[in-house]
Amino acid sequence: MNHMGMTEVFHGTDHILKKPVYLGGKSDNDYGNGFYVTEYEDRARSWAALNGNPDKAIVNVYELNMEPLRILDLNDYGVLSWIAEVVKNRGTEQENAQFVGDKLVELYCQDTSDVDIIKGYRADDSYTQVIEAFLLNQINITEVERLFYKGELGNQIFLKSPRAFENIRWKEAYHVSLEQSDMESDFYARKEVNRFLSGRMKAILLEGYEVPGITARYAVQNHLIYHREGSYYE
């Protein structure tokens, strides 16, 4: 776990939110019930519009004092730990994927019981299909990371504990009028991900394609160790 100082963070939504409420969200979000912000302002702008009403796209700006907080950065533990955390909270749509997901949670999920902040990728609803494809052995972990990077979903900061909520202060809020090109960027990224996954499924079913690298099956059969320095598993 690491510690940081005062950081400016952003939350994209459809209203001004001066005081985030502890446990005021939904339990089936990426990392559970809490408050989600990002250090990337451009991502907050896009997320505000993606809430469903671009005419009411609001970015709230906060100062978050991370110095006294216990922080778990899932990027330090590899993509398998991140997938396990998302599956633990979101579950899966397909029963077969859940079998594998439960095993990944058992093997790779980090202990978050004493954590104030969790940092990691953001997996919005349209990208959970990438995780399911991994759980069904249709893509490997390198492809998972590439597809999330392609979508530019970015990292998010999750305020988990009452202590974390005590250390965030609202600064301002502003309305964003997104350019059409900004919306199209997200749309085409998701379309490209869908095209890749569809092509992979076709290759597996019709051509007998075997996915190389670390698949979910390999990860549950071999308890892998993540090396932060070189960003690899063995």
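**View 1. Contacts of Asp-28 with the end of α2 in the predicted model.**
Asp-28 touches Asn-89 and Arg-90, leaving aside residues up to four places away in sequence. In this predicted model, Asp-28 belongs to the loop that links β1 (6-13) and β2 (35-37). Asp-28 counts as partly exposed because its relative accessible area is 41%, which lies between the limits of 20% for buried and 50% for exposed. Gly-91 follows just after α2 and takes a positive phi of about 70 degrees. Although Asp-28 and Gly-91 are 63 residues apart along the chain, 7.9 Å separates their C-alpha atoms.

**View 2. Helix α2 and its covered residues.**
The helix is mostly covered, with 10 of its 12 residues buried. The buried residues of α2 are Val-79, Leu-80, Ser-81, Trp-82, Ile-83, Ala-84, Glu-85, Val-86, Val-87 and Asn-89. Asn-89, which is buried, is also one of the residues touched by Asp-28. At 1.5 Å a residue, the 12 residues of α2 should span 16 Å, and the C-alpha atoms at its ends are indeed 16 Å apart.

**View 3. The largest nonpolar core.**
This core has 40 residues, of which Leu-80, Trp-82, Ile-83, Val-130, Phe-134, Leu-135 and Val-144 touch the most other members. At least two core residues come from each of α2 (79-90), α3 (95-108), β5 (117-121), α4 (128-135), α5 (141-150), α7 (180-207) and α8 (216-221). The most come from α2, which gives 7 residues. Nonpolar side chains in soluble globular proteins tend to be buried together.

**View 4. Surroundings of Val-130, and a second core.**
Not counting residues up to four places away in sequence, Val-130 touches Ile-139, Val-144, Leu-147, Phe-148, Val-193 and Leu-197. A second core, separate from the largest one, has 14 residues; Val-9, Val-37, Leu-159 and Ile-168 are among them.

**View 5. The open sheet of 3 strands, with helix α1.**
The strands lie in the order β1-β3-β7, and their pairing is antiparallel. β1 and β7 (168-175) are at the edges and have a single partner strand each, so one side of each has no neighbour in the sheet. On average, neighbouring strands here are turned by 25 degrees against each other, direction ignored. Helix α1 (residues 41-50) packs on the sheet and touches β1, β3 and β7. The direction of α1 makes about 20 degrees with that of β1.

**View 6. Pairing of β3 with β7.**
Strand β3 (residues 58-65) runs antiparallel to β7 and is joined to it by 7 bridges. Ile-58 has His-175 of β7 as its bridge partner.

**View 7. The open sheet of 4 strands.**
Its order is β2-β6-β5-β4, with mixed pairing. The edge positions are held by β2 and β4 (71-73); each has a single partner strand, so one side of each lacks a neighbour in the sheet. Neighbouring strands of this sheet are turned by 20 degrees against each other on average, direction ignored.

**View 8. Pairing of β5 with β6.**
β5 and strand β6 (residues 155-159) pair over 5 bridges in the antiparallel sense. Within this pair, Ile-117 stands opposite Leu-159 in β6. Leu-159 is also one of the residues of the second core.

Notes: Residues are numbered from 1 along each chain as its sequence is written. This is a predicted model: local features need pLDDT of at least 70, side-chain atom pairs count only at pLDDT 80 or more; totals for chains, interfaces and linings use all residues. Side-chain values use heavy atoms; hydrogens and water are left out. A nonpolar core is a set of buried Ala, Val, Leu, Ile, Met, Phe, Trp, Tyr and Cys residues joined through side-chain atoms within 4.5 Å. Buried means under 20% relative accessible area, exposed over 50%, partly exposed in between (1.4 Å probe, protein chains only). Contact means heavy atoms within 4.5 Å. The expected span of a helix is 1.5 Å times one less than its number of residues. Two strands pair if DSSP finds at least two bridges between them. Axes are lines fitted to C-alpha atoms, for helices over the stretch in contact, and angles run from 0 to 180 degrees between N-to-C directions.
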